[in-house]
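Hi,

Here is the structure I said I would pass on. Have a look at it first, and then read my notes below.

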Amino acid sequence: MNTIIITGGFVDATFAKAYLEAESFDMVIAADRGVETAKLLNIPIDYILGDFDSLEPSILVELKNQLANDDSGLILKEFPPEKDYTDTHLAIVTAIESGATKVTMLGATGTRLDHVMANVNLLSICLNHGIEAKIVDAHNQIYVIDADKHLKKDKIHGKYVSLIPYTDCVTGVTLIGFKYPLSDMTMTKGNSLGISNELLEVEGVIKLDKGILIVIESRD
């Protein structure tokens with residue numbers, strides 16, 4: 001099941017509309033202020049959750065009234081603000097429990113760098129469950145890998161492909177078809193070796209033996 005999570009960070013509406021028109025999702029989960037984004041983009045929502053500390057109160061009242069008066073199947077779950085997990089984390093858990101096989105996060109980036117870093121870390125939850133997951137915005141596509149990855153030049157999100165170790169050490173990193181190739185390299189945290197590479201060939205390959213890499217495809 002292909003699931004999109006719309007969460008509370010910045011969303012470029014023009015990009016989001018075009019992206020959603022080109023993709024098809026089986027389930028839409030809106031987390032907290034992501035509800036406002038979903039409404040702006042006119043996306044039907046299946047599941048709404050969060051502590052709603054950043055959602056316009058009138059919208060929450062409207063949703064609760066809607067739930068009381070229709071049988072649309074919309075699910076709303078409210079959490080206390082004093083909780084152990086972020087709303088995005090709860091949305092990922094919900095997606096996994098609902099049988100997601102692919103997860104896309106929209107609104108997972110923005111000016112709150114603590115949330116951005118936490119959201120990148122959350123990608124590993126999906127990886128551990130064998131679920132393909134990514135964060136997308138107008139400028140970047142972010143995902144984590146622990147096995148070989150093939151990239152097609154005409155399908156990547158932008159010109160640049162950067163690799164950042166998620167685990168302390170990633171061994172056997174080999175890049176084929178890239179401007180800056182690597183062969184059986186060990187990448188460690190605290191090193192900028194993998195930043196701003198580019199695909200030269202129609203298809204490139206990222207290979208690794210052990211560890212987890214964050215892959216960021218960037219447009220600028």
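Before the first note, one term: a polar contact is a pair of N or O atoms within 3.5 Å, and within protein one of them must be able to donate a hydrogen and the other to accept it. Please also keep in mind that this is a predicted model.

With that in hand, start at helix α1, which covers residues 13-22. Its N-terminal end is capped by Asp12, where a side-chain oxygen lies 3.1 Å from the backbone nitrogen of Thr14.

Next, the two sides of that helix. Phe15, Ala16, Tyr19 and Leu20 are buried. Why do they end up on the same side of α1? Because they cover an arc of only 125° around the axis. The general background is that an α-helix has 3.6 residues a turn, so residues three or four places apart point the same way. On the other side of α1 you will find Thr14, Glu21 and Ala22, which are exposed. So what covers the buried residues of α1? The cover includes three strands: β1 (2-6), β5 (102-106) and β6 (132-136).

Another helix to look at is α4, residues 87-97, where His89 has its place. His89 has 17% relative accessibility, so it counts as buried, the cut-off being under 20%. Leaving out residues up to four places away in sequence, His89 touches Leu122 and Ile125.

Then there is the hairpin made by β10 and β11, with 5 residues between the strands. Strand β10 takes in residues 169-176 and β11 residues 182-188; they run antiparallel and are joined by 4 bridges. Cys169 stands opposite Thr188 in β11. In the turn, Gly177 has a positive phi of about 85°.

Positive phi turns up elsewhere too. Most residues other than glycine have a negative phi, which is the reason I picked out two aspartates. Asp32 has a positive phi of about 50° although it is not a glycine, and for Asp184 the value is also positive, near 50°. Are these two buried or exposed? Asp32, in the loop between β2 (27-31) and α2 (34-40), counts as buried because its relative accessibility is 3%. Asp184 is found in strand β11, and at 55% relative accessibility Asp184 counts as exposed.

That's what I have for now. Happy browsing!

Conventions:
Residues numbered from 1 in each chain as written. Predicted model: local features only at pLDDT ≥ 70, side-chain atom pairs only at ≥ 80, totals over all residues. Heavy atoms only, no water. Pairing = 2+ DSSP bridges. Helix = DSSP H or I, 4+ residues; strand = E, 2+ residues; numbered from the N terminus. Buried < 20%, exposed > 50% of the residue type's maximum accessible area, 1.4 Å probe, protein only. Arc of directions from axis to C-beta. Contact = heavy atoms within 4.5 Å.
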